[in-house]
Amino acid sequence: MNHELTRREFFRKAGLAGAAACAAWAVGGCSGGAGGEPAAYRARAHPMADAWKARIGLAQGGDDPARNTRAAIEKLCGPDGLKTVIRQGDIVIVKPNIGWAQVPDMAATVDPAVVATVVRMSLEAGAKAVKVFDNTLGSGSKCYEFSGIQAAAQEAGAEVSQCAPHRFRMLSFADPRVKRLMEWPIYEDVLAADVVFINLAAAKTHNASLVSLCMKNLMGIQGGDRGKMHQEIHQNLADLNVVIRPTFNILDATRVLAQEGPGGGRRDFVVKADTVLCGTSAVTVDAWAADPANLPWKKGHHTLAAVQHIAWGAAAGLGVADPGRIEVLA
Amino acid sequence: MGKRGQHKHPLHVARIVAQLFFLGLFLFLLILTARGALATASPRLARLFLDTDPLVLAGAALAGVFSTSLLAALAVVALSLVAPRAYCGWICPLGTSMDIADRLLFRHRDRTRNVTPRLRQAKYGLLAALLVLAMFGLGVFGWFDPVCILTRSVSVALYPMADQGAKAGLVAAEQHGIGGAAQAYDWAVGNHLLVPETDLKKGGGDRGYAVGYTWAWVFAALLVAIVLAQAYQKRFWCRNLCPLGALLGLLGSASPLRPRVRRRCIACDACRQACKTGAFQPGHAPSAKEGKHRYTCLVQECLFCYACEREFCPVDAIRIGSGRPAPVRPEAQVCPGRRAFLGAAATGAVLGPALLLDQRTREKEETNPQFRPPGALRPEEDFMAACIRCGQCMKACPTNALHPSGVENGIAGLWTPTFIFNIGYCDYLCAVTRADVDAGRTGRPANLCGIVCPTGAIAQLTHADKVQWKIGTAVFDHSRCLPWARGEECLTCEEQCPLPEKAISHQTQAVANLEWLKMPQDKRNRCEELQGRLARGETLSADEQKELAALPPKTRTLALPYVLRDRCTGCGTCENVCPVDGPGGIRVERLQTREIK
């Protein structure tokens, strides 16, 4: 062993070692890697999820979305706010609607001040990290920039990242209440064990599902070809909400996209409502908000009964679809 | 390498530094301007290498196209009048790539016997033919221009490959739990060093997110071929084929500055063998060695690399300086004579009409309509003249929508940009930033393809003009669109139409209920019987009412989408997001793009 290693020998040895490593990886590592145990939705349920199923917190008025956000959460949860569910060292996932490359005034996305407030309250409640993302419709960079959410959430202390295609995992929708969807790729952050998943929606009309509120907002954690969700969209949304039940739901109705949703693009489609509401059930929050008596939807745009995904979600036991039975803490 | 290689000429060192600097600058600008990241901040930098290319200036001028930014090429023209092909030796990033590859791959290869003086003349013929074709309104010289070649190959093939490679590595590391890999991925994507997948395919995942171009392999293979041709001769492309090199050589053929071989030359052939382009040839003057002729340098072939003066010559006979050229023997003459020039030009003059006819015939056939970028000169003939097929627009397109054409619309259209809406779409915002919106800046150019286009083949448009530019018109294919063809709900296209006044709307209509069609005939009959009795005013029993309520109705209401043609700009967003696999249920067609709004 007294000779120096020549370059040729080095390459030969390195190549052999590399091939051996690849073989070892192919035999053992592959199966233990990303494709391991089947994905499951394991986010934490709010401890009061059942008790508060028919209850929402509501804050209206003023011109301060941040204050309304805090007030709505405290109306529902009491002065402890998000401490009712977030424990010291938790990971919190906030999924705002960042779906469109529109400025906040166009009401196609959640107001950045609302996002920032939720991030701050999560950190105050002891969260170790707050992650903010959305699987946008148009260019992710543009949506994050135009909505102002990336800047606001980062300033409030959140980690903001774009969805990456390799981070979706196929989730089986095996549940007797699910009628159409069999499986769908879901963003893996949401599938982590015991995370607190906050569903943060904007109040918008929608050309196919009539309204886009908390239940519809969940489409932002889906990968795959979401255009296919539009085939029987009401049933698909009900199915999605049977399997994915966020820890907490917040609806930002600071501005309501009262017509031509969900993309908007003109200021005269937008009505200021200065409202934020929240609840542990997406169906209950949506039922209150979709009711034309409660938010300034364009006259005659829809009736609550026409929004079938809310009724079907309630029928699956996810919440309350009858506004008369909803307990509003305002 | 000569015996005197220890001490390099200071300008030789400077030349190497310059080469590395310009290649680095080229790649740096390319990565920064890919998908438009820097193009809005500094359009001139984004176009720098193409704007300073004299062949682009000459070709565009002959094609009747003028763009003030191309005047930057006059700087290179001025340089070439003094030092003809110094550009090739010092600046050209393709040349530098070749030098690097040569050093890595062929350093010890003996190529001294591969002498092909006649082949050198090919580049002049190519130049003449290409310039004649430009006069016919075909900007096809970009097929052979070295800056175009490298821009195209790197942006369309190598950069996407590097992007994929880097991502694959980071993803593998992340999936094996290597710390920091996920953060590195997010950082690189968040800062546009890697392409953010969410910018590309709407809805995405299973139909592929990656930035990539059709025919990318061809562009990679061309670059590899150019580099590997050096196995035969150093700088094979530059000596024999490069039309830009030919142009620069011609410009500077009267330059007084050149390598001069002094009387002490012993005609040992060392300089010709060592020179990158083999620019040295035996001349007429006698040499120090009895019966031999002193060598002389063909100035049109000299790259001014400054290696010869101190490194090649065993007797120190070479000096780069000014003086009258020594006469060259006719058989070593590089620049072809008038006859050959005229022959090449005549070839171009024959090819020109042939290519035009080919293109017009294929266009008439209209089976493969091409969709030009917003701002592309109209009529199509003007675009074909001004477009140099450099690939800049494809590189800058933020949604990966622009791709190099094949020969669908004629050979001359090869590598011109065309939209493939199943891959990308013409982004409504494109170059517009949030800062522009906040500051109310509406006058800035908004189409990245136009911003980076060196010749103005794609004009720069303001946002207001860009979003009204008609690329084509979307048309529903009723045999594929889900509501029309299958009676299923959809409206994805309407949802994502980016126009404030949407160009797609819908109307609800009663259509056949598929649940009804699934029922056996006896149940249908029973249902019709009960309904008939209701219609005649009879009352049904409670059981019968329950029975009827449980049966699906014969028809259901369904939202059927329509295109509002006068609003549609053919941006292709609808075609891009259509959930129908394969050709979409709505597709952009070239209907009435010119004549009617």
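User: What makes A:Gly265 partly exposed?

Analyst: This is a predicted model. A:Gly265 has 18 other C-beta atoms within 10 Å. Buried needs 20 or more, and exposed needs 12 or fewer. The value 18 falls in between, so A:Gly265 is called partly exposed.

User: Where is A:Gly265 found, and what does A:Gly265 touch?

Analyst: A:Gly265 is in the loop between β9 (248-257) and β10 (270-279) of chain A. Leaving out residues up to four places away in sequence, A:Gly265 touches A:Gln102, A:Met106 and B:Pro500. A contact here means C-beta atoms within 7 Å. A:Asp63 is 202 residues from A:Gly265 in sequence, and their C-alpha atoms are 22 Å apart in space.

User: What makes the bond between A:Gly261 and A:Pro262 notable?

Analyst: The peptide bond joining A:Gly261 and A:Pro262 is cis, with omega about 5°. A:Pro262 also sits in the loop between β9 and β10 of chain A.

User: Which residues of chain B are joined by a cis peptide bond?

Analyst: B:Arg378 and B:Pro379 are joined by one, and omega is about 5°. B:Pro379 lies in the loop between α16 (338-365) and α17 (380-386) of chain B.

User: Why is B:Tyr306 called buried?

Analyst: B:Tyr306 has 22 other C-beta atoms within 10 Å. The cut-off for buried is 20 or more. The count of 22 meets that cut-off, so B:Tyr306 is buried. B:Tyr306 lies in the loop between β3 (293-297) and α15 (308-312) of chain B. Its phi is positive, about 65°, although B:Tyr306 is not a glycine.

User: Is B:Trp215 buried, exposed or partly exposed, and what makes it so?

Analyst: B:Trp215 has 15 C-beta neighbours inside 10 Å. That is under the 20 needed for buried and over the 12 allowed for exposed, so B:Trp215 counts as partly exposed. B:Trp215 is in the loop between α10 and α11 (216-228) of chain B. B:Trp215 is not a glycine, yet has a positive phi of about 65°.

User: How do you know whether chain B matches a compact globule?

Analyst: Set its radius of gyration against the rule. A compact globule of 597 residues would have a value near 25 Å, but chain B has 32 Å. Chain B therefore does not match the compact-globule value. Its C-alpha atoms fill a box of roughly 130 × 60 × 50 Å along the principal axes.

User: Where are the domains of chain B, and what separates domain 1 from domain 4?

Analyst: The domain assignment gives domain 1 (254-332), domain 2 (365-466), domain 3 (476-513 + 554-597) and domain 4 (519-553). The centres of domain 1 and domain 4 of chain B are 104 Å apart, taken over C-alpha atoms.

User: What is chain B built from, and how much of chain B is buried?

Analyst: Chain B has 27 helices and 10 strands. Of its 597 residues, 48% count as buried. Among contacts between residues at least 6 apart in sequence, 76% join residues at least 24 apart.

User: How many residues does each chain give to the contact?

Analyst: Chain A gives 38 residues and chain B gives 38 residues. On the side of chain B that touches chain A, α9 (146-175), α10 (181-190), α19 (434-439) and α23 (492-496) each supply at least two residues. By class, that side of chain B has 16 nonpolar, 10 polar and 12 charged residues.

Conventions: Residues numbered from 1 in each chain as written. Chains lettered and ligands numbered in written order. Predicted model: local features only at pLDDT ≥ 70, side-chain atom pairs only at ≥ 80, totals over all residues. Contact = placed C-beta atoms within 7 Å. Helix = DSSP H or I, 4+ residues; strand = E, 2+ residues; numbered from the N terminus. Nonpolar A, V, L, I, M, F, W, Y, C, P; charged D, E, K, R; others polar. Rg over C-alpha atoms; globule rule 2.2 N^0.38 Å. Domains from an automatic or database assignment.
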